[in-house]
Amino acid sequence: MAVKQLSVFIENKKGQMAEAVKKIADSKINIRAMSVADSRDFGILRLIVTDTEKAKELLSEDTLVKVSDVVAVKMEDIEGSLYGILKVLEDASVNVEYSYSFTAGKTPAPYVVFRVDDVAAAEKLLTDKGFCLISESEI
Amino acid sequence: MKGVQNNMGNYYQPEIETASREEILRIQNEKIVKQVKHVYENVEYYRNLMDQKGVKPEDIKTVDDIKKLPFLTKADLRDAYPYGLLGTDLKNCVRIQSTSGTTGKRVVAFYTQADVDLWEECCARAIVAAGGTNEDVVQVAYGYGLFTGGPGLNGGSHKVGCLTLPMSSGNTERQIQFIQDLSATILCCTPSYAAFIGETMAEKGIKPEENTLKAGIFGAEPWTEEMRQSIQKSLGIKAYDIYGLTETSGPGVSFECEEQTGMHINEDHFYAEIIDPETGEVLPEGTMGELVFTALDKEAFPLLRYRTRDLCILTRKKCSCGRTHVKMCKPMGRSDDMLIIRGVNVFPSQVETVLLNEGYTPNYQILVDRKNNTDTMDINVELTPEQFSDRVGDVEAMEKALEGAMRTMLGIGPKIHLLPPKSVVRSEGKAVRVIDNRKLH
């Protein structure tokens with residue numbers, strides 16, 4: 001059920017991010033979600049793409065790439081829906097390390113991505129509560 | 001009061017400092033015969049080296065025969081650590097000093113009271129050459145402790161009879177306050193710290209002519225003529241260079257006079273040679289090569305033919321100050337890969353050791369620069385894909401931990417940059433370990 005996320009090390013140098021993204025674009029891989037975490041010295045570009053294995057192979061030629069499992073949950077476009085998801089995780093003591101959201105396809109409803117310490121538990125909890133999780137094949 | 005000039009003829013020990021060449025040679029010849037005998041009898045490590053080379057103490061009749069003796073290197077000091085090169089019973093020793101740096105490369109030097117006196121006298125000569133008298137207030141802003149800078153100049157200042165301010169390094173606010181409140185006239189510290197004090201004074205709106213300083217004695221790290229000019233201007237002083245190393249005692253092995261064209265080596269205590277670093281052959285005066293020192297009368301740590309790895313030129317050209325001792329130029333480089341960063345000796349091999357200990361690859365690059373007259377040290381380290389984490393905090397924590405491990409080993413804290421594999425610049429397949437962008441020579 002979990003979705004594969006690529007984390008790409010980006011040096012704090014001009015054009016580094018563009019270079020990484022260009023490689024993906026050139027090989028016709030589609031980026032479905034992204035976020036960037038940055039520090040003073042470097043950044044980590046997080047991507048959910050249509051072909052994780054191929055993107056990893058390409059990007060690994062130049063930099064550090066790590067694949068991790070994340071949980072992507074469909075959110076209703078109403079007040080309190082993000083809180084509803086977080087509450088489920090919090091009540092079960094699943095720790096959210098970071099999170100970002102994206103929209104896909106024609107539906108206006110966003111997906112929210114969670115990097116959690118216990119992926120399997122988060123998936124089960126959220127599914128049991130009736131949340132709609134997106135799977136790797138739907139990316 | 002400003003502007004007390006160092007009049008010609010200011011010497012701490014005029015007889016020896018202006019002795020004729022013949023007289024100096026006579027003293028050196030007398031001392032070397034005694035010293036080689038002393039070392040051969042008391043230092044087993046060196047006796048073995050002499051025996052291997054087939055040299056007997058009787059073969060050394062004049063300083064010219066020194067070239068027959070075996071060399072000592074830092075590797076010997078490491079092998080013999082801590083007592084192997086001790087020239088006298090420990091009960092006769094009163095002090096140790098040590099180089100900054102690591103367990104692997106640390107040098108521990110021993111001193112008898114006579115050795116301390118000799119060393120302090122050398123520093124006293126430097127202070128007097130810089131215009132110091134018993135009316136001066138000497139602010140010693142070198143580090144105190146195992147480092148030789150503070151204790152050496154402190155002792156020299158006492159010998160001259162100056163009022164000595166044992167400040168140690170750091171706390172710049174207090175340094176400036178003491179200069180102002182106690183009318184310090186001579187400042188002793190590393191040149192980069194002197195420059196920093198000058199800048200801080202300027203920031204505070206204290207003009208160079210408003211402080212009481214007239215001279216500075218600066219050493220323990222390489223500095224340029226441009227840096228001298230800038231320090232002289234910012235502090236309103238005359239800046240004198242001083243040279244030395246823990247292995248030979250500390251600062252004061254040589255020092256500058258008012259001519260500022262090189263440092264007079266205290267030849268009655270230290271015999272200097274310039275050798276070809278490849279062949280070990282002694283080179284003639286005026287040729288650049290590696291500087292080698294023989295301690296002529298030190299008792300506790302009597303190193304003979306110690307290779308400093310500093311590349312240098314000696315000259316006997318007549319000096320206008322009246323001193324007759326041979327002059328050495330500022331070291332023009334190193335014949336090994338040692339770096340001097342903020343006065344601390346750093347070897348790339350130490351960096352490599354830390355990386356391997358901490359589970360990193362030995363793919364690294366040291367970047368040294370000088371910003372605002374302070375040395376900076378950055379180390380680029382390659383991460384393996386296994387070490388890489390998608391959490392920023394993890395990578396930052398790794399950098400911090402590695403910085404801590406480096407600080408423990410090196411004695412100074414570099415900035416660590418973790419990078420992807422293959423990002424360290426390689427030339428012809430071989431990684432360039434050090435990029436030193438300072439203009440020091």
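**View 1. The two domains of chain A lie with their centres 22 Å apart, taken over C-alpha atoms.** The model shown is predicted. Chain A splits into domain 1, residues 3–68, and domain 2, residues 70–138. The domains touch. Nine residues of domain 1 of chain A take part in the contact, along with 10 residues of domain 2 of chain A.

**View 2. Strands help to form the side of domain 1 of chain A that touches domain 2 of chain A.** Look for strand 1 (3–11) and strand 2 (31–38) of chain A. Each gives at least two residues to this side. Strand 2 of chain A supplies the largest share, with four residues. By type, the residues of this side of domain 1 are four nonpolar, three polar and two charged.

**View 3. Strand 18 and strand 19 of chain B form a hairpin.** Strand 18 covers residues 364–371, and strand 19 covers residues 374–382. The two strands run antiparallel. Eight bridges join them. Two residues sit between the strands. In this hairpin, B:Asn372 has a positive phi near 50 degrees.

**View 4. Strand 18 of chain B also pairs with strand 23 of chain B.** Strand 23 spans residues 434–436. This pairing is parallel and has three bridges.

**View 5. B:Leu367 has a partner in strand 19 and in strand 23 of chain B.** In strand 19 of chain B, B:Asp378 stands opposite B:Leu367. In strand 23 of chain B, B:Ile435 is the bridge partner of B:Leu367.

Note on methods:
Residues numbered from 1 in each chain as written. Chains lettered and ligands numbered in written order. Predicted model: local features only at pLDDT ≥ 70, side-chain atom pairs only at ≥ 80, totals over all residues. Pairing = 2+ DSSP bridges. Domains from an automatic or database assignment. Contact = placed C-beta atoms within 7 Å. Nonpolar A, V, L, I, M, F, W, Y, C, P; charged D, E, K, R; others polar.
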